[in-house]
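User: I've got this one open on my screen and would like to know what the labels rest on. Can we start with the strands?

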Amino acid sequence: MNAPFKTPDTEAPLWDLSDLYGSRDDARLAADMTQARALVDELNGLQGRLAGERTDPAALGATLDRAITLYEQASDRLGALGAYAFLAASTARDDAGAQGFEADVREKITAIATPTVWLTLEINQIDDDQLEAALAANGAAARWRPWLRRVRTMKPHELSAELETFIAERGPITAQWPRLFDEQLAALRAKAGTETLTLAEALNRLSDAKPARRKAAAEGLSEALAARAPTIALVLNTVAADKAMEDRWRGFKRPADSRHLANEVDGEAVDAMAEAVAQAYPRLSHRYYALKAKAMGKTRLDHWDRNAPIGTAAPRAFTWSQGREIVLDSFSDLGGDFAQRAGRFFDQPWIDGRARPGKQSGAYAHPVTADRHPYVFLNWMGERRDVLTLAHELGHGVHQTLAAEQGTLLADTPLTLAETASIFAEGLTFDRLLATASKAEQRALLAGRIEDGLNTVVRQIAFHRFETRFHDERQKGEVPQQRINELWLEEMGASLGPAVTLNPGYEHWWSYVSHFVHSPFYVYAYAFGDLLVAALMEARRADPAGFTPLYRDLLAGGGTRTYVEALKPFDLNPRDPAFWSVGCRRLERLVDQFEQLG
């Protein structure tokens, strides 16, 4: 790998997906498809019963419980199939066979699942008082109350059975646009001097201690992205147009409203959070980057200096074993259960950390289904940021194992809480890195932590504002690539401030942000989660012993509670505007500390 320092290829692990399926030819694939079809057939045999039993609470309660149970069991089978296809493909984006297999599995899953669209439609035909009477009459059915709550929120936006079926059946076809995006980026190669870098390698090179290496990687990446930007602009426009059409049919007024509904959060609250962060740009990012430029002996930073180390010495390198030890020690600060759960990912082959050609960039934790186990994916380069990424994704993984006790439907966590465990784990790991660092290292670590905070809060809100403006303009017609570039430069320039130069070529860098294509309006969840975690960390400092059991309960609850309900035991009220200022003030204090160390 072309990292600033060499990490042995044998250190970072490869996962073993055989807990799911042994290969694309595994007979269990066909067996699970068959079982899923049988479960769906049994479920579909109940169609019409819910509507017919609305006046009989006991019968309705029993039928509700049976129908939702069958739906979850089918989801478990289909979820395992889909997870295997995606996980295998994400490490082989240059393998046409793996990509074709993923698309084929997606189409088969859709064909099996689509006939179940009647279930939520029929549930939403039941009056509120009739549903409450059924849940009161049947304790087993009452368990599904949180899932039913989420189903009911879609009631005003549901379409006819025919249209819902059409939308479901076209899902695998529209998914080919994100596939094209992934394949474009997997094939991308950036020239950096005599080297040829993958996207992950080029982005990693931006943290190199040597300015010339950073510049070469950034300019090579700009050139590579510029070549692919026309295709990706078409992908982005098509995804946005498709989304706008469905939103219009469903009656959503703004492009982000469907995401807000899925997150169980008010759009006004998200707007207020975004505005609060934007107003804090001068106190946070603008101020910090000016301080960093001064520390690096520059009047202004080039954009490729944004995540550069303060000094010219090579940053501390971490072996995989060292990263593992630091992360597990950090998890142990919350108690043995957290460290034990995180440790299983290392003890079992549940992590794919080795960067290699064909593997997609980025990192994620995939929950698979509640009756299986999660997998963690990242590209380990041995830097401090990789240690924090490992902690972040393992935070997700531990959260997923805790919530799995709820079952697949109830474990599903809205984005408003989904980033809580990951960002919290990242914060604990940074605290340990800082506490064990020498005085000479502390300033660089503090700079790294501030930059991570800016990337999570300021940068993601800038992404959100860019995305919002793009979707608003897309409603009036296709947005030319040049205009997308302009929107990007305007929003990124506003967030980074006058101390950062957006060098020629940077206008194309929107084109590698996968969330814009895969999950429109996902990005604000990172800022939401970071600011929420800041408030939780303040609660932990006030009462460490009392915090851990409450925090464990929050994670184990999965999606059974809204984020307002989940935070109530901590005496935190996210509906209070002052709640969001805690995280901004916390980040501002870090900038104060950095300035004092100057």
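Analyst: Sure: Y364 has F377 in β6 as its bridge partner. This is a predicted model, where local features need pLDDT of at least 70, side-chain atom pairs count only at pLDDT 80 or more, and totals for chains, interfaces and linings use all residues. Residues are numbered from 1 along each chain as its sequence is written, and side-chain values use heavy atoms, with hydrogens and water left out.

User: What makes β5 and β6 a pair?

Analyst: Two strands pair if DSSP finds at least two bridges between them. β5 (residues 364–366) and β6 are joined by 3 bridges, so they qualify, and they run antiparallel. β4 also has 3 bridges to β6, but there the strands run parallel; R354 stands opposite W380. Strands here are DSSP E runs of at least two residues, helices are H or I runs of at least four, and both are numbered from the N terminus.

User: Why is F570 called buried?

Analyst: Its relative accessible area is 9%, and buried means under 20% (exposed is over 50%, partly exposed in between, with a 1.4 Å probe and protein chains only). So F570 makes the cut. F570 is in the loop between α28 and α29. Leaving aside neighbours within four places in sequence, F570 has contacts (heavy atoms within 4.5 Å) with L536, F547, L550, Y551 and L554.

User: What makes F466 and F516 a tilted pair?

Analyst: Rings of Phe, Tyr and Trp (its six-membered ring) pair if their centres lie within 6.5 Å; planes under 30 degrees apart are stacked, over 60 edge-to-face, the rest tilted. These two have centres 5.2 Å apart and planes at 50°, so they land in the tilted class. F466 lies in α23 and F516 in α25, so the pair ties together parts 50 residues apart in sequence. W488 and Y506 are tilted too, at 5.9 Å centre to centre and 40° between the planes. Both pairs' residues belong to one aromatic cluster, along with F463, W509 and Y512.

User: How do you know that K359 sits over the ring of F377?

Analyst: NZ of Lys or CZ of Arg must be within 6 Å of the ring centre and within 35 degrees of the ring normal. The charged end of K359 is listed as sitting over that ring, 4.6 Å from its centre, so the distance fits.

User: Where is the model's confidence low?

Analyst: pLDDT, the predictor's confidence in each residue from 0 to 100, stays under 50 over residues 1–9. Where pLDDT is low, the predicted coordinates should not be read in detail. The chain averages 92.
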